[in-house]
Amino acid sequence: MGQGVIALRWTLRIITYAVFAIMVLTLAIIVVSGLPHFFRPGFFTEWPRRAMSEGGIFPMLIGSLMLMALVFEVSIPVGLIGTIFLSEIAPRKLSMVLQSLAATMNSVPSIVYGVFGLSFFCVRLSMGTSLISASLTLSTMSIPFFMNSAVEFLRAVPKELREGVIALGASKLQATLMVLRASRNGVLTSLILTLGRAFSETAPILVTGAVFYTTKLPVRLTDPVMTLPTSIYAIVMNLGEESQWMAKGMASLMVLITIGVYFLVQLMRRNQRE
Amino acid sequence: MFVLFTSVAAVLVAAALFAIVFFIFSESLRAIREVGWGLFSPNWYPVWELEPEFGVRTMLLNSLILTVWTSVWVWIVGLAVALYLHKYARDREKQVVLRILEYVSGVPSVVFGLFGVLILGDLFLRAGAWTAQNFLNASIVLTILTLPFMTSLTFQSIEKVPSHIVDGAVALGAKDIHVLLVELKYAAPGIVNAMLGVFNRIFGETMIVLMVAGGANVLVRSFFDPIRPLTATLGSEIGEVAVGSLHYSALFFIALLVLSGCLILNVLTNVICRRLERWVKG
């Protein structure tokens with residue numbers, strides 16, 4: 001082996017290890033700096049008090065969960081049906097065009113979705129700053145993301161399975177259900193990733209549905225909502241030292257949830273391979 | 001019936017993209033009509049009562065400078081890590097690094113924003129910088145955000161190079177370095193795709209520049225200058241503006257710029273990647 005190759009290998013190795021160390025350190029700092037606050041009494045169950053310097057994160061947590069539930073309800077049915085159309089029904093050409101449209105939508109920055117949601121859902125459809133505007137805006141974003149990821153798994157189902165089922169006299173609908181069942185692991189992975197992404201998006205909710213502080217939980221779809229990511233932003237930007245612990249706690253929670261989500265996905269991927 | 005039903009969902013998605021373009025364009029029409037080329041003047045004083053100014057030039061330049069500078073670092077480092085993982089790493093190393101990168105890729109950008117403001121910002125002040133939130137800080141945080149994306153996409157496309165190509169090169173007596181070049185050539189479409197994707201993500205990223213970049217609308221001259229890219233202005237002002245005002249419309253013009261940048265980049269990516277694929281296949 002030449003001198004040059006050894007030098008190259010070591011350079012690459014050092015860069016890789018440095019990147020690895022920085023990434024681990026970043027995650028660790030965020031998690032560790034927020035973790036102790038989990039054990040404050042009432043951190044998960046109380047409302048924030050005194051300009052977010054006391055109390056807990058209960059309404060933000062519930063707000064985020066409600067938003068997720070709504071996004072799930074809107075985007076999974078539409079996304080799944082769209083995916084089925086792309087992989088099972090549409091002619092190849094059309095499917096390609098639609099898929100590249102979905103890929104394009106995937107690369108549109110999230111703030112653009114937020115601004116679109118503001119002008120379309122909040123103003124034009126007069127839904128105002130509300131849970132429903134935010135969830136529809138997030139869904140607009142999540143649907144192409146889900147389709148783009150899930151369609152690969154449906155396509156990966158061998159053609160013989162479809163032909164076999166049809167040859168046995170199954171209808172198109174039954175054949176499609178068969179394909180879905182064969183690719184369920186992949187579809188589930190896409191679903192988890194989609195929800196994870198919707199959970200972590202901040203800019204669109206900030207513009208369309210979130211408020212810095214409300215005194216009650218949203219009970220109607222047209223009520224504004226407090227969420228974890230937007231509250232982190234609001235605290236870091238607007239409040240002083242004595243409130244920062246709450247932002248750190250929420251950030252730590254979000255990172256732990258993210259790691260949990262990806263751990264699950266990695267686990268499923270490994271199961272599928274075996 | 002079933003066919004019709006499913007096609008509706010797909011059409012909905014296509015319609016959404018056109019709706020986005022249409023709404024953002026139509027809301028920005030007022031600013032385009034009333035301000036005209038003034039939109040590209042350097043000053044942005046949207047709420048000044050006497051003579052409001054809606055110039056995006058400074059923000060646009062800052063956005064581009066920040067994006068280009070950060071992208072170049074992410075490209076180089078990401079490529080280096082991907083090459084190491086592909087060529088030299090043991091299986092265990094590969095798994096651990098990729099797993100950590102995947103975790104980082106899922107972390108919400110607002111959390112990285114908090115990291116930049118509270119932790120890196122503090123370090124900056126201790127090191128003697130005169131601002132905690134500045135160009136360099138934003139650039140570092142954006143690098144952490146996009147490196148996993150660059151690395152994993154690049155790694156995947158290098159791994160996908162068919163083994164007979166590599167074996168062929170070795171059989172012809174190619175040295176390690178030349179084998180590497182052959183692999184890079186074959187992975188080029190994927191790598192370029194990843195590079196442009198990184199550029200796109202940094203250009204459109206909002207939360208981080210909103211929190212970490214500093215927010216001053218002056219052209220960047222040093223690493224420690226606070227800056228305000230396009231998306232930061234959009235994110236911070238759109239929530240408070242009166243709906244239908246000229247300011248509102250000017251903000252939609254900014255959104256239009258960001259959106260068109262993204263769409264142009266998409267078309268460019270497709271064209272370049274197709275060309276490269278043709279070149280690779282000979």
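## Reading a two-chain predicted model

The C-alpha centres of domain 1 and domain 2 of chain A lie 29 Å apart.

Colleague: Before we start, what kind of model is this?

Modeller: A predicted one. Keep that in mind as we go.

Colleague: Fine. How is chain A divided into domains?

Modeller: Begin with the bounds, then check what joins the pieces. Here domain 1 covers 3-39 and domain 2 covers 48-273 of chain A. Eight residues of domain 1 of chain A are in contact with eight of domain 2 of chain A. On the domain 1 side of that contact, five residues are nonpolar, three are polar and none is charged.

Colleague: And between the chains, how many residues of chain A are in contact with chain B?

Modeller: For an interface, count both sides, then ask what supplies them. In this model 68 residues of chain A are in contact with 65 of chain B. Helix H1 (residues 3-34) of chain A gives the largest share of the chain A side, with 16 residues. By class, that side holds 50 nonpolar, 15 polar and three charged residues.

Colleague: Now the interior. Which residues touch the most other members of the largest nonpolar core?

Modeller: With a core, look for the best-connected members and then for the elements that feed it. This one has 154 residues, and A:Val115, A:Ile232, B:Val111 and B:Ala255 touch the most other members. The largest share, 14 residues, comes from helix H5 (residues 131-155) of chain A. Both domain 1 (3-39) and domain 2 (48-273) of chain A put at least three residues into this core.

Colleague: Take one of those members. What does A:Ile232 touch, leaving out residues up to four places away in sequence?

Modeller: Sort its partners by chain. From chain A there are A:Ala247, A:Met250 and A:Ala251, and from chain B there are B:Val110, B:Val111 and B:Leu114.

Colleague: Next, a helix. Where does H2(A) bend?

Modeller: Compare the span with the expected one, then look for a local bend. Helix H2 (residues 58-89) of chain A has 32 residues and reaches 45 Å from its first C-alpha to its last, close to the 46 Å expected at 1.5 Å a residue. Still, H2(A) bends by about 30° at A:Ser75, and the proline A:Pro77 follows within four residues.

Colleague: A:Ser87 lies in that helix too. Is A:Ser87 buried or exposed?

Modeller: Count the neighbours around its C-beta; 20 or more within 10 Å makes a residue buried. A:Ser87 is buried because 22 other C-beta atoms lie within 10 Å. Setting aside residues up to four places away in sequence, A:Ser87 touches A:Val151, A:Leu154 and A:Arg155. A:Ser135, 48 residues from A:Ser87 along the chain, is 27 Å from it, C-alpha to C-alpha.

Colleague: Let's try the opposite case. Why does B:Arg92 count as exposed?

Modeller: The cut-off there is 12 or fewer neighbours. B:Arg92 is exposed because its count is 8 other C-beta atoms within 10 Å. B:Arg92 is found in helix H3 (residues 91-106) of chain B. Between B:Arg92 and B:Ala31 there are 56 Å in space, C-alpha to C-alpha, for 61 residues in sequence.

Colleague: Last one: what pattern does chain B follow along the sequence?

Modeller: Read the elements in order, then add the overall numbers. Chain B has ten helices and two strands, in the order α-β-β-α-α-α-α-α-α-α-α-α. The C-alpha trace of chain B spans about 75 × 65 × 35 Å along its principal axes. Of the 282 residues in chain B, 46% are buried.

Technical notes:
Residues numbered from 1 in each chain as written. Chains lettered and ligands numbered in written order. Predicted model: local features only at pLDDT ≥ 70, side-chain atom pairs only at ≥ 80, totals over all residues. Domains from an automatic or database assignment. Contact = placed C-beta atoms within 7 Å. Nonpolar A, V, L, I, M, F, W, Y, C, P; charged D, E, K, R; others polar. Core = buried A, V, L, I, M, F, W, Y, C linked by C-beta atoms within 7 Å. Expected span 1.5 Å × (residues − 1). Bend = angle between axes of the 7 residues up to and from the residue.
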